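Reader: I would like a close look at one part of this model. Please start from a single residue and work outwards, step by step.

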Amino acid sequence: MNLLCPACHTPLPPASAAVVSCPGCSAEVDVTRAGTVAGKPRFVPEIDRSGTIVGGYRIAARLAGGGMGTVYRATGPDGKDVAIKFLSPALAQNAEVVARFAREITTLARLDHPAIVRVRAHGAEDGIPWFAMDLVEGSDLRARLARGPLPPAETAAIFARLLSALEFAHDAGVIHRDLKPANLLLAPDGARL
């Protein structure tokens, strides 16, 4: 079984001891316990879901991880590739966070716009909520900006789609509360929220 660091979602090395150090963020992860250990903070690992099937979706590989959970590439029952976001198991114990995750799913599911990632399905696996959404191939705006400034034409193309998506969402009564370069995906067919 492969485990992920709960702090940065980097795959952990094979456990040779009860506590392993994450190669990504150096967090000490207790791979034997379901709770933290008194003293130095140690985190409980997250199971890598690669190679499993959830809700009819065959999960291929981890794409990214963040504060709320982990995103994987998967293939749906229809053969199309999607991204599946799982809420972090540590957060799945908090009813308020689970409710917020459910609101995110409900909100995204009602927004049908070419520049907004669409929800395909949702559910829970072993008590962990998840949802499948369009897979956007490409990088995000944060990674693109790291390579250098945007030329005016590229800026105009990205922000025309971004502003169109935001206008659509606002007209539907939705305000994006986490708008940042890392959340703007740059697909070959245009930017998507």
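**A residue and its surroundings**

Author: Start with Ile84. Setting aside its neighbours within four places in sequence, Ile84 is in contact (heavy atoms within 4.5 Å) with Tyr57, Ile59, Thr70, Val71, Tyr72, Ala74, Trp130, Phe131 and Ala132.

This is a predicted model, so local features need pLDDT of at least 70 and side-chain atom pairs pLDDT 80 or more, while totals for chains, interfaces and linings use all residues. Numbering runs from 1 along each chain as its sequence is written, and side-chain values use heavy atoms, without hydrogens or water.

Ile84 also stands out in the largest nonpolar core (buried Ala, Val, Leu, Ile, Met, Phe, Trp, Tyr and Cys joined through side-chain atoms within 4.5 Å). That core has 43 residues, and Ile84 and Phe86 touch the most other members. Several elements give two or more residues to this core: β7, β8, β9, α1, β11, α3 (152-171) and β13. Here helices (H or I, at least four residues) and strands (E, at least two) are DSSP runs, numbered from the N terminus. Another core lies apart from this one. This other core has seven residues, among them Leu3, Cys5, Leu12 and Cys22.

Next, the strands. β9 is mostly covered, with six of its seven residues buried (under 20% relative accessible area with a 1.4 Å probe, protein chains only; over 50% is exposed, in between partly exposed). β9 belongs to an open sheet of six strands. Its order is β6-β7-β8-β9-β11-β10, and the pairing (at least two DSSP bridges between two strands) is antiparallel. At the edges of this sheet are β6 (53-54) and β10 (119-125), each of which pairs on one side only.

Follow the sheet across, beginning at β7. β7 and β8 pair in the antiparallel sense, over six bridges. Along that pairing, Ala64 stands opposite Val71 in β8. Val71 is also one of the contacts of Ile84. β8 then pairs with β9, again antiparallel, over seven bridges. Here Arg73 stands opposite Ala83 in β9. β8 and β9 form a hairpin with five residues between them. In its turn, Gly79 has a positive phi of about 90 degrees. β9 is joined to β11 by five bridges, and these two strands run antiparallel. On this side, Ala83 stands opposite Met133 in β11. Ala83 therefore has the partners Arg73 and Met133 under the pairing rule given above.

Now the rings. What does a search of the whole structure find by way of aromatic pairs? There are three such pairs (rings of Phe, Tyr and the six-membered ring of Trp, with centres within 6.5 Å; planes under 30 degrees apart are stacked, over 60 edge-to-face, the rest tilted). One of them joins Tyr57 and Trp130 edge-to-face, at 6.0 Å centre to centre and 70 degrees between the planes. Tyr57 is in strand β7 (residues 57-65) and Trp130 in strand β11 (residues 128-134), so this pair ties together parts 73 residues apart in sequence. Both partners are buried: Tyr57 has 9% relative accessibility, and Trp130 has 4%. Both are also in contact with Ile84.

Another pair is formed by Tyr72 and Phe86, also edge-to-face. The centres are 5.7 Å apart, with 85 degrees between the planes. Tyr72 sits in strand β8 (residues 69-75) and Phe86 in strand β9 (residues 81-87), so the parts tied together are 14 residues apart in sequence. Tyr72 is buried, at 0% relative accessible area. Phe86 is buried too, at 1%. Tyr72 is in the contact list of Ile84, and Phe86 shares with Ile84 the top place for touching core members.

One more element of the core leads further out. β13, which gives two or more residues to the core, is in an open sheet of three strands. The order there is β12-β13-β14, with antiparallel pairing. β12 (139-140) and β14 (190-192) stand at the edges with a single partner strand each, so each has one side without a neighbour in the sheet. β12 pairs with strand β13 (residues 185-187) over two bridges, in the antiparallel sense. Ser139 has Leu186 in β13 as its bridge partner.

Ser139 and Leu186 meet again at Arg144. Arg144 is in helix α2 (residues 141-146). Is Arg144 buried or exposed? At 10% relative accessibility, Arg144 counts as buried. Beyond its neighbours within four places in sequence, Arg144 is in contact with Ser139, Pro149, Leu150, Pro151, Glu154 and Leu186.
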